[in-house]
Amino acid sequence: MFDRITFDGRILGGRASIRGMRIPVSVIVGQLAHGASWDEVLADYPDLEAEDLRQAMSYAAWLAQEEVVSA
């Protein structure tokens, strides 16, 4: 489902990263959330591809799904 999102204890302490690089998913999602365009992010990180950004956003959306139980 998220083949470009990786977890490795030796890289970023096991935090979610893009394809095993030292680029945290949280940094990419944060930049996009604060208004950076996809082109700007891709220019800042030339090793990334558009599919990396798409999966980072999809992963963030997946994490945000939570079940709310009302009393």
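This report walks through the fold, core, ring cluster, salt bridges and surface of a predicted model.

## Overall layout

The protein chain has three helices and two strands, and going along the sequence they come in the order β-β-α-α-α. If you want a feel for the dimensions, the C-alpha atoms fill a box of roughly 50 × 30 × 20 Å along the principal axes.

Of the 71 residues in the protein chain, 30% are buried. Take the contacts with a separation of 6 or more: 39% of them join residues 24 or more positions apart. As for the outside, the protein chain exposes about 4,800 Å², with carbon and sulfur atoms supplying 54% of that area.

## The nonpolar core

Some background helps here: nonpolar side chains in soluble globular proteins tend to be buried together. In this model the largest nonpolar core has 15 residues, and the ones touching the most other members are I5, I18, V25, I28 and L48. Two elements, α1 (25-33) and α3 (50-64), each give two or more residues to this core. The largest share, four residues, comes from α1.

What does V25 touch once residues up to four places away in sequence are set aside? The list is I5, A16, S17, I18, A56 and Y59. Two of those partners, I5 and I18, are also among the core residues that touch the most other members.

## Aromatic rings

There are four aromatic pairs in the structure. Ring pairs also link F2, F7, Y59 and W62 into a cluster. Two of these residues turn up elsewhere in this report: Y59 is one of the contacts of V25, and W62 helps make a nonpolar surface patch.

## Salt bridges

Side chains of opposite charge can pair when their charged atoms come close. The model holds five salt bridges, and R4 is a good place to start. Its side chain meets that of E49 in a salt bridge, at 2.9 Å from N to O. R4 sits in the segment before β1 and E49 in the loop between α2 (38-44) and α3, so this pair ties together parts that are 45 residues apart in sequence.

R4 also forms a salt bridge with D52, with the closest N and O atoms 2.7 Å apart. D52 is in helix α3 while R4 is in the segment before β1, so here the parts being tied together are 48 residues apart in sequence. Buried or exposed: which are D52 and R4? Both are buried; for R4 the relative accessible area is 18%. E49, at 39%, is partly exposed.

Then there is the pair D8 and R10, whose side chains meet in a salt bridge at 3.0 Å, N to O. D8 counts as partly exposed at 22% relative accessibility, and R10 counts as exposed at 68%. As for the wider wiring, salt bridges that share partners join R4, R19, E49 and D52 into one network.

## A nonpolar patch on the surface

Which residues make the nonpolar surface patch of about 390 Å²? They are M1, W62 and L63. M1 is in the segment before β1 (5-6). With a relative accessible area of 77%, M1 is exposed.

## Around helix α2

A36 is in the loop between α1 and α2, and with a relative accessible area of 23% A36 counts as partly exposed. Leaving out residues up to four places away in sequence, A36 touches Q31 and V41. Measuring across the model, A36 and W62 are 21 Å apart from C-alpha to C-alpha, with their places 26 residues apart in sequence counted as separation.

L42 belongs to helix α2 itself and is partly exposed, at 22% relative accessible area. Beyond its neighbours within four places in sequence, L42 is in contact with L48, E49, A50 and L53. Two of these contacts link back to earlier sections: L48 is one of the core residues touching the most other members, and E49 is the salt-bridge partner of R4. The C-alpha atoms of L42 and M57 are separated by 14 Å, and the two residues are 15 residues apart along the chain.

Technical notes
Residues are numbered from 1 along each chain as its sequence is written. This is a predicted model: local features need pLDDT of at least 70, side-chain atom pairs count only at pLDDT 80 or more; totals for chains, interfaces and linings use all residues. Side-chain values use heavy atoms; hydrogens and water are left out. Patches are made of residues with over 30% relative accessible area and no salt bridge: like charges are joined within 9 Å, nonpolar side chains (Val, Leu, Ile, Met, Phe, Trp, Tyr) within 5 Å. Accessible areas come from the Shrake-Rupley method with a 1.4 Å probe; for residues, only the protein chains shown count as cover. A salt bridge is a side-chain nitrogen of Lys or Arg within 4 Å of a carboxyl oxygen of Asp or Glu. Buried means under 20% relative accessible area, exposed over 50%, partly exposed in between (1.4 Å probe, protein chains only). A nonpolar core is a set of buried Ala, Val, Leu, Ile, Met, Phe, Trp, Tyr and Cys residues joined through side-chain atoms within 4.5 Å. Contact means heavy atoms within 4.5 Å. Rings of Phe, Tyr and Trp (its six-membered ring) pair if their centres lie within 6.5 Å; planes under 30 degrees apart count as stacked, over 60 as edge-to-face and the rest as tilted.
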